[in-house]
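Me: Please examine one helical part of this model closely, and then follow the links that lead from it to the rest of the structure. I would like one connected account, with the cut-offs behind each term.

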Amino acid sequence: MILLLLLSLTATTYVSASVSVCTVTGSTVIAFEQTGDTVPDRCAYTLLTSTTDNFDVVGVFQDRRQVHVSLLDRVIVTHGGATIQLGPGRRVIQDGNDLEISGTLQQNDFTLTKGTTGVHASFSNGGATYKIIFDGFTLHIEVTGTLAADSTGLCQVPTDASANKNSAKSLENCDVSQTATNEVSDDICNTMNTRCDALNNDPFASCTTNKASYIAACKDTMCKYPEKDGFSVCLFKEAYVNVCKMLGTTIPDTWRATASCSAPTTFCQDIKCGDHEFCGENISDEESCLCRSIFATPLRTDQSYGGVTKCEGKSSKLTLVRCLLEEKGIDYTDLQLNKASCKGQLDQDNNVTFSFDNTDTCEASVTDTVDSATQAVVITYKNIVQTPAATGDTTRYDPVSIGFSCTYTSQNPAATTFRIMDSSVTKTFSSESWAYSVTMAAYTNAKRTKSTDSNTEIQLKQTIWMKLEATGLDENLIHLVIDSCTATDGSDNSKTHNLITNGCSSDSTVTIETNGQGTSGLFFFKMFHFVNGAQTVTLDCNLKLCLQNCQPVVSMATRTDLQAVDLQYDSRLLLHPDQE
């Protein structure tokens, strides 16, 4: 009995059909001949391809926690015109959609299975069967039978990276070198090296497959990358044990106890992270989408969490990068605006957006100030992304307070003369964040339904009804005030006549109907001309913005010049005014 027990713990070797195995672990490609080399950057590389067998296997390498450490991120397999992507978390993606795999799934020419050892994608062609196995860390390409004679790629010649770079599947700037950061200490590196060298000892010694490439890959990775996110010395020992089994030698499972390695787990199973993220362990040791280092490094300089404010229409939005929040252990669902019910919404890119608009400002503060340099009125809506106030004596979160705002700013564009035949003019004022427009139009009837055009004859003393209207403002809080309107002779700017001054009539024929009570102003006057003047009169109106319930005269507001309106009258009346 003792003898039988001892025999059961020794490596078992069996004879099988011709099998070849290529392995990619960390950034190292270990070819079919079991010699290895590391890829030099974060680009995509052809691992194995054959025109004869009509397939292509590409590995895409990217950074995770450290900018200078490149790791296998996903595998793209094409066969028979169909393409699938094997990604982290044992995901299988085709045409942008995740495939649901329960048991065995036949997808095009692929046979797909999913288990604790990873995703298996198999297909047959020519004289060989290909099995692609990826668990999010290590890739095995197992070929049973005879490889096609035209097969090429890093699995054939791992040192020929430049010839096998796949530019079409590489990310932009993937070959830009990065400065090493957060190096693993020498003491930890020495410890890792010793643990990696244990592959030379029992029970691994019973497998004759070349160990040197696996030991080198282990040392190269673990002396650069921290023992987190599923990466450990055990990962490389697991890869070696699996290759030995594929090539005919089974190492007893007791190796785990000897090497202090647990059985593989489904790390980050089906967790979907954005292109700028990877699945790893957050500060609470929970599986989460974290920022890739190259993406996040320039965003970590302040506490804005990558915040971008966008003001459009009557809404204000602040978008935060979720993975930056995760780095600090902040759950975006705990955050709110000034109003507790105003929460962030997660989008498909794993960014979080907080928003408010004029129908629900989420208790934003609204203030008006005057720019000391330009004297422009600035009306500001401000809200704050924040953690709720602590209800007890303790909290496990740092307080979050990220303010964002949108403004309406009065502008002073140059006046432009146009004739009444144009009927009206609209000018869009681009503020610091929001945009709004103001329209000034002239009519020949009190209901303002008959706008002037090129055929309209405007006679002396004829009543002209004017309407100035702003669109794009928050009508609930912001009102428009006509501060002044001045007429100028069409050919001599020195000849002027005031119709409205400081919001009040300064011509006996002017009647102001509404002013400062909403986002439009109405007035009318009787037509006139300048003595010995041109056939046109230019009307310039200057406007103010103010908060609700403002009076026609608002001292703090600055003037905004509207495009001028030309009022053209019949020249015959100029010559014969008594013929009215």
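Reply: **One helix and its surroundings**

Helix α2 comprises twelve residues, 186-197, and at 1.5 Å a residue it should span 16 Å; the C-alpha atoms at its two ends are 16 Å apart, which agrees with that expectation. The expected span is taken as 1.5 Å times one less than the number of residues in the helix. Helices (H or I, at least four residues) and strands (E, at least two) are DSSP runs, numbered from the N terminus. The model is predicted, so that local features need pLDDT of at least 70 and side-chain atom pairs count only at pLDDT 80 or more, while totals for chains, interfaces and linings use all residues. Residues are numbered from 1 along each chain as its sequence is written, and side-chain values use heavy atoms, with hydrogens and water left out.

The buried residues of α2 are Cys189, Met192, Asn193 and Cys196. Around the axis they cover an arc of only 105°, which places them on the same side of α2. The arc is that of the directions from the helix axis to the C-beta atoms. Buried denotes under 20% relative accessible area, exposed over 50%, and partly exposed the range in between (1.4 Å probe, protein chains only). On the face of α2 turned away from the buried side are the exposed residues Asp187 and Thr194. The buried residues pack against two other helices, α3 (212-222) and α4 (233-246), where a contact means heavy atoms within 4.5 Å.

Cysteine 189 also takes part in a covalent link: with cysteine 223 it forms a disulfide whose sulfur atoms are 1.8 Å apart. The torsion about this S-S bond is 90°, and the link is right-handed. The pair connects distant parts of the chain, with cysteine 189 in helix α2 and cysteine 223 in the loop between α3 and α4, 34 residues apart. Both cysteine 189 and cysteine 223 are buried. A disulfide is a pair of cysteine sulfur atoms within 2.5 Å.

On the way from α2 to α3, the loop between these helices contains proline 203. A cis peptide bond joins aspartate 202 to proline 203, with omega about 5°.

Helix α4 leads on to the largest pocket, to whose lining it gives the largest share, eight residues. That pocket has a volume of about 850 Å³. Of its 36 lining residues, those closest to the centre are Asp135, Glu238, Asn242, Arg256 and Pro264. The elements that give two or more residues to the lining are β15, α4 and α5 (255-259). A pocket is found on a 1 Å grid over the protein atoms alone, as an open set of points with protein on both sides within 12 Å along at least five of seven lines; a cavity is a set of points where a 1.4 Å probe fits but cannot get out, and lining residues have an atom within 4 Å of a point. Grid points are joined across faces, edges and corners, and a volume is the space filled by probe spheres set on the points.

Enclosed space can be described in the same terms. The whole structure holds two cavities of 30 Å³ or more, and the largest has a volume of about 60 Å³. Among the residues that line the largest cavity are Arg64, Asp135, Phe137, Asp229, Phe267, Cys268 and Cys279. Asp135 thus lines the largest cavity and is also among the residues closest to the centre of the largest pocket.

To return to the covalent links, the structure holds twelve disulfides. One of them joins cysteine 22 to cysteine 155, with an S to S distance of 2.0 Å. The torsion about that S-S bond is about -75°, so this disulfide is left-handed. Cysteine 22 lies in strand β2 (residues 19-25) and cysteine 155 in the loop between β15 (138-145) and α2, so that the pair links distant parts of the chain, 133 residues apart. Both cysteine 22 and cysteine 155 are buried.

A further disulfide is formed by cysteine 485 and cysteine 541, with sulfur atoms 2.0 Å apart. This link has 110° about the S-S bond and is right-handed. The pair likewise links distant parts of the chain: cysteine 485 belongs to strand β29 (residues 478-489) and cysteine 541 to strand β34 (residues 536-547), 56 residues apart. Cysteine 485 and cysteine 541 are both buried.
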